[in-house]
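Colleague: I have a new model open and would like to learn how to read it. Could you take me through it feature by feature?

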Amino acid sequence: MSVRPAQRSDRRPARIHPAWWVAAVAFLALFGAAGFRAAPGALMVPLHDEFGWSTSVMSLAVSINLVLFGLVAPFAAALMDRFGMRRVISSALFLVALGAGGSIAMTASWQLLVFWGLLIGTGTGSMALVLAATIADRWFVERRGLVMGILTAGSATGQLVILPPVAALAENVGWRQASLVIAAAALVVVPLVWAVIRDRPDERGVLPYGADPGTYVAPARATGGAVARALEGLAFAVRHRAFWALAIAFAICGATTNGLVGIHFIPSAHDHGMPTTTAASLMAAVGIFDIVGTIASGWLTDKFDPRKLLAFYYTFRGVGLLLLPWLLQESVHPSMILFVVVYGLDWVATVPPTAMLCRRIFGDRGTIVFGWVFASHQIGAAAAAFGAGVIRDNLGTYTYAWWAGASLCAVAASLSILTRGRVATTAPMGRN
């Protein structure tokens, strides 16, 4: 009888591996970046009411934001190698806070381009997919796919949690107070980043999660050339048709999500008499189903041809956009709820199969190529954000913008089916 207590007394409670704490704080940073990028859609109506700025001008600011979010991402890894993840993430959050907080003093439309476009775009771009990939690669050997899925879902969660209170504040209190909430939310994460985030597991005296102590060999640290590797990857990719098919299709993905629906759904619903807070809640619901769709799409990508999955996703999305002008009304009805569910499930479902195709086709360059494909996603989003604003200003309705998005989805579905091939990827990728 005395043996069992002795055995129990020797046991120590299992300690949570530091990798999970690093992933949790990275999730908060990505969560915030997503919310900050989604917030302008809830502020466009009050800004127009106070300053009389056109939808085109406000859409241009959002377009700058979206372009920088995509173009900064491929180079963010170089900054992380040079200065460390803590400094880059903290600086990015400070830029977001400066952009959101500084916007309360705006008096001219060009200042909107600086605060919403330049500062917030650069800040959120430094916390894009490259951060999720860096955390997963450096800190995890096992569960990398799970971690990537969780961190990617952080974008949906950020939109889900931040957008409704921002819309409610903007409508009931004022857009300046809403902007200050965004700034405060960014600053709150900084101390956590500084306390928890480290560049590599050995700085915490541990191996990556799931690494075998007997066989694990730490990868060589980059000593420079991250920017050169990114540019070399782009120079290689542009010589292949598969890259252009993936990039154009993913640009259409960005145009029909972040650029079109993400920015213009709320003001379009407002045009039909729907309260801003109600429309924002519908967008938040899109975020809920986005989480489910992302995880399910990753599972499906392991089992089915990713080209066929992409064709299905884009076709489904195009049908939704085609019908949307008839679904928008003063109040929420079952058909609109169905649209929210379908569009939410489809929102970033395109990411896993697109990334898989990049790996299959471009081999060891796949990650860098996907970074540039992601940049095209944001360029498409920016073009759609601005173009839809111009359509609204000149035609008095968003209907033609929705129909244009539906037509583009048909193009993306066709390109996805035609994407095929595998290219040689044995050339050197730069010095380590």
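Modeller: Happy to. This is a predicted model, and a single residue makes a good way in. S126 has a relative accessible area of 8%, and because buried means under 20%, S126 counts as buried.

Colleague: Where does S126 sit along the chain?

Modeller: S126 is in the loop between α6 (109–125) and α7 (129–139). So here we have a loop residue that is buried, at 8% relative accessible area.

Colleague: Which residues does S126 touch, leaving aside its neighbours within four places in sequence?

Modeller: S126 is in contact with V72, A76, M80, V88 and A92. The side chain of S126 also reaches the backbone oxygen of T122, at 3.1 Å. Two of those names lead us on to a helix: V88 and A92 are among the buried residues of α5.

Colleague: Then let's look at α5. How do I read its length?

Modeller: Compare the end-to-end reach with the expected one. Helix α5 covers residues 85–102, which is 18 residues, and spans 25 Å from first C-alpha to last, close to the 26 Å expected at 1.5 Å a residue. The buried residues in α5 include M85, I89, L93 and V96, and also G99, A100, G101 and G102.

Colleague: How should I think about which way the residues of a helix point?

Modeller: The general idea is that an α-helix has 3.6 residues a turn, so residues three or four places apart point the same way. Now take α18, which has 20 residues and reaches 30 Å, close to the 28 Å expected. Its buried residues are T399, A401, W402, G405, A406, C409, A412, A413 and S416. They cover an arc of only 155° around the axis, so they lie on the same side of α18.

Colleague: C409 is on that list of buried residues. How many disulfides does the structure hold?

Modeller: First the general idea: a disulfide is a covalent bond between the sulfur atoms of two cysteines. This structure holds zero of them.

Colleague: Why does C253 not form one with C409?

Modeller: Because the two sulfurs are 8.4 Å apart, too far for a bond, and C409 is the cysteine whose sulfur is closest to that of C253. C253 counts as buried, at 1% relative accessibility. C358 is buried too, at 0%.

Colleague: I would like to try a serine in a helix next. Where is S297, and is it buried or exposed?

Modeller: S297 lies in helix α13, residues 276–301. At 1% relative accessibility, S297 counts as buried. For its polar partners, look at the side chain: a polar contact of 3.1 Å joins it to the side chain of Y313, and one of its polar atoms is 2.6 Å from the backbone oxygen of A349.

Colleague: What else does S297 contact, beyond its neighbours within four places in sequence?

Modeller: Besides Y313 and A349, S297 is in contact with P352 and P353. S297 and P352 are 55 residues apart along the chain, yet their C-alpha atoms are separated by 6.5 Å.

Colleague: And how does the protein look as a whole?

Modeller: The protein has 18 helices and zero strands. Buried residues account for 54% of its 432 residues. Among contacts between residues at least 6 apart in sequence, 85% join residues at least 24 apart.

Colleague: Last topic: confidence. What is the average pLDDT, and which elements mark the extremes?

Modeller: The average pLDDT is 80, and 88% of the residues score at least 70. Among the elements, helix α1 (residues 3–10) has the lowest mean, 43, and helix α18 (residues 399–418) the highest, 91. Over residues 1–13 the pLDDT is below 50, and beyond near neighbours in sequence this stretch has zero contacts in the model. Residues 425–432 are also below 50, but that stretch has 20 contacts beyond near neighbours in sequence.

Terms used:
Residues numbered from 1 in each chain as written. Heavy atoms only, no water. Helix = DSSP H or I, 4+ residues; strand = E, 2+ residues; numbered from the N terminus. Buried < 20%, exposed > 50% of the residue type's maximum accessible area, 1.4 Å probe, protein only. Polar contact = N/O pair within 3.5 Å; in protein donor to acceptor, adjacent residues only side chain to side chain. Contact = heavy atoms within 4.5 Å. Disulfide = S-S within 2.5 Å. Expected span 1.5 Å × (residues − 1). pLDDT = per-residue confidence, 0-100. Arc of directions from axis to C-beta.
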